[in-house]
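Visitor: I am new to this structure. Could you walk me through it?
Guide: Gladly. Have a look first, then ask away.

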Amino acid sequence: MNVYGTKQIRNVVLLGHGGAGKTTAAEALALVTGVTKRMGKVTDGNTISDYDKEEIKRQFSISTSLIPLEYNGEDGPIKINLLDTPGYFDFVGEVEEAISVADAAIIVVNCKAGIEVGTEKAWELCEQYGLPRLIFVTNMDDDHASFRELIIKLEKRFGRKIAPFQVPIRENEKFVGFVNVVKMKGRRFTNLSDYEECEIPEYTKKNLGIVRDALIEAVAETSEEYMERYFSGEEFTQQEISTALREHVIDGSIVPVLMGSGVNAQVSAICCRPLTSISRHRTNTSAWVWTFPPASALWPSITTT
Ligand SMILES: Nc1nc2c(ncn2[C@@H]2O[C@H](COP(=O)(O)OP(=O)(O)OP(=O)(O)O)[C@@H](O)[C@H]2O)c(=O)[nH]1
Ligand SMILES: [Mg+2]
């Protein structure tokens, strides 16, 4: 077993409404990162996270559980302590405790259910604790789940911080992959979270253009020099885009939205890479100090997936 120093450990909290799909996403992440060889189901009562007798009986999380994942980042292995919290408000104390030790948050939103009270609560807590976060939209396997409608609702509720970094690819109404908006590349799932590169479908291009423009504007806002270059029509390099977006996620001015399906384990490591590249430590009881690894270690998911 690897021994990890403090700088290689990331505490990431999973937040969201009851039944949104946190435990299932955690189970899928455990599978795709090799912690387990089989994927448990909440309904079968055999997930790593909901192991308590009451949780098995009731089929929802009651206490926060920790799922340690090992992940090979660009700068070597890191350990991600995934904290799966309960969504039901009766157990909100568990959520607050988990947030108080977290470096970053993943807010899980069920695409079909949309924004729920628990989503709003999760967002408020992240604001309160100043946590960098991303939104993971799950249930994309549901044929009636509209990602576009959800994005509109998220923007309306949480403002322009909301930045879809992926656009879904559907074939015969089935979710089969996504477009990486930062790299402008198509990805088609092959097995679980694995994927191969594919053409960007024509029908996605209109939405993709809108989303991409918004991201580039965010990059331009990073500095006056960038702003001038943007207005003079100059293109940014891939490295510049990734670095600028990373800075915006860290300072909370951008919240990436990624997608997948928990039950089909189409979660890929993208769920944890961007925000888990950030580590922080407490200097005293009231202040947090953020420390960042080199830029190359950040945003690998966005730049390499
Ligand atoms: N079709 C589909 N079902 C899902 C997906 N993710 C979760 N589910 C189902 O939704 C139900 C709730 O999922 P959980 O993972 O327990 O949700 P949770 O957010 O952990 O819920 P709490 O522990 O109550 O906060 C389960 O029956 C899952 O099988 C998904 O991506 N697609
Ligand atoms: Mg749960």
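Visitor: Let us start with the ligand. How many residues surround ligand 1?
Guide: Bear in mind that this is a predicted model. Among the residues of the shell, the closest to ligand 1 are G21, F60, S61, G87 and G262. Counted in full, the shell around ligand 1 comes to 23 residues.

Visitor: Which helix gives the largest share of the shell around ligand 1?
Guide: That share is three residues. They come from the helix of residues 22-32. Its name is α1.

Visitor: Which class of residue, nonpolar, polar or charged, has 13 members in the shell around ligand 1?
Guide: Six residues of the shell are nonpolar. Four are charged. The class with 13 is polar.

Visitor: Now the whole protein. What share of its residues is buried?
Guide: The protein has ten helices and 13 strands. Its residues number 305. Buried ones make up 43%.

Visitor: In what order do the strands of the seven-stranded sheet stand?
Guide: This sheet is open, and its pairing is mixed. At its edges stand β2 (65-73) and β6, each with a single partner strand, so each has one side without a neighbour in the sheet. On average, neighbouring strands are turned by 30 degrees against each other, direction ignored. The order is β2-β3-β1-β4-β5-β11-β6.

Visitor: Which helix packs on that sheet, touching β1, β4 and β5?
Guide: The helix covers residues 117-129. Its direction makes about 165 degrees with that of β4 (104-110). The helix is α4.

Visitor: How many residues of β11 are buried?
Guide: Strand β11 spans residues 255-259. On one side, V255, V257 and M259 are buried. On the other, P256 and L258 are buried too. For β11, that is five of five.

Visitor: Which residue of β11 is the bridge partner of I135?
Guide: Strand β5 (residues 133-138) runs parallel to β11, and three bridges join them. I135 has its bridge partner in β11. That partner is V257.

Visitor: And which residue of β11 is the bridge partner of I162?
Guide: Strand β6 (residues 162-164) pairs with β11 in the parallel sense, over three bridges. The partner of I162 lies in β11. The residue is V255.

Visitor: There is also a four-stranded sheet. Which strands stand at its edges?
Guide: The sheet is open and antiparallel, in the order β7-β8-β9-β10. An edge strand has a single partner, so one side of it is left without a neighbour in the sheet. The edges are β7 (166-171) and β10 (195-198).

Visitor: Which residue of β10 is the bridge partner of F189?
Guide: Strand β9 (residues 185-189) runs antiparallel to β10. Four bridges join the two. In β10, F189 has as its bridge partner Y195.

Visitor: Is E173 buried or exposed?
Guide: E173 sits in the loop between β7 and β8. It is not a glycine, yet its phi is positive, at about 70 degrees. Within 10 Å of E173 lie 7 other C-beta atoms, and a count of 12 or fewer means exposed.

Visitor: Where is M184 found?
Guide: M184 is exposed, with 11 other C-beta atoms within 10 Å. Its phi is near 55 degrees, a positive value in a residue other than glycine. M184 is in the loop between β8 and β9.

Visitor: Why does α6 count as roughly perpendicular to α8?
Guide: Helices α6 (residues 205-220) and α8 (residues 238-250) pack with their axes 9 Å apart. Angles of 65 to 115 degrees count as roughly perpendicular. The two helices fit that range because their packing angle is about 80 degrees.

Visitor: Which residues of α6 make the contact with α8?
Guide: On the α8 side, the contact takes in E240, I241, A244, L245 and H248. By class, the residues of the contact are six nonpolar, one polar and one charged. From α6 come L215, A218 and V219.

Visitor: One last residue. How far apart are the C-alpha atoms of G114 and I151?
Guide: G114 lies in the loop between β4 and α4. Beyond its neighbours within four places in sequence, G114 is in contact with L150 and K153. G114 and I151 are 37 residues apart along the chain. Their C-alpha atoms are separated by 9.3 Å.

Note on methods:
Residues are numbered from 1 along each chain as its sequence is written. Chains are lettered from A and ligands numbered from 1 in the order in which they are written. This is a predicted model: local features need pLDDT of at least 70, side-chain atom pairs count only at pLDDT 80 or more; totals for chains, interfaces and linings use all residues. A residue is near a molecule or strand if its C-beta atom, placed from the backbone, lies within 6 Å of it. Ala, Val, Leu, Ile, Met, Phe, Trp, Tyr, Cys and Pro count as nonpolar, Asp, Glu, Lys and Arg as charged, and the others, Gly among them, as polar. A residue is buried if 20 or more other C-beta atoms lie within 10 Å of its own, exposed if 12 or fewer, and partly exposed in between; C-beta atoms are placed from the backbone. Two strands pair if DSSP finds at least two bridges between them. Axes are lines fitted to C-alpha atoms, for helices over the stretch in contact, and angles run from 0 to 180 degrees between N-to-C directions. Angles under 35 degrees count as roughly parallel, over 145 as roughly antiparallel, 65 to 115 as roughly perpendicular and the rest as oblique. Two residues are in contact if their C-beta atoms, placed from the backbone, lie within 7 Å.
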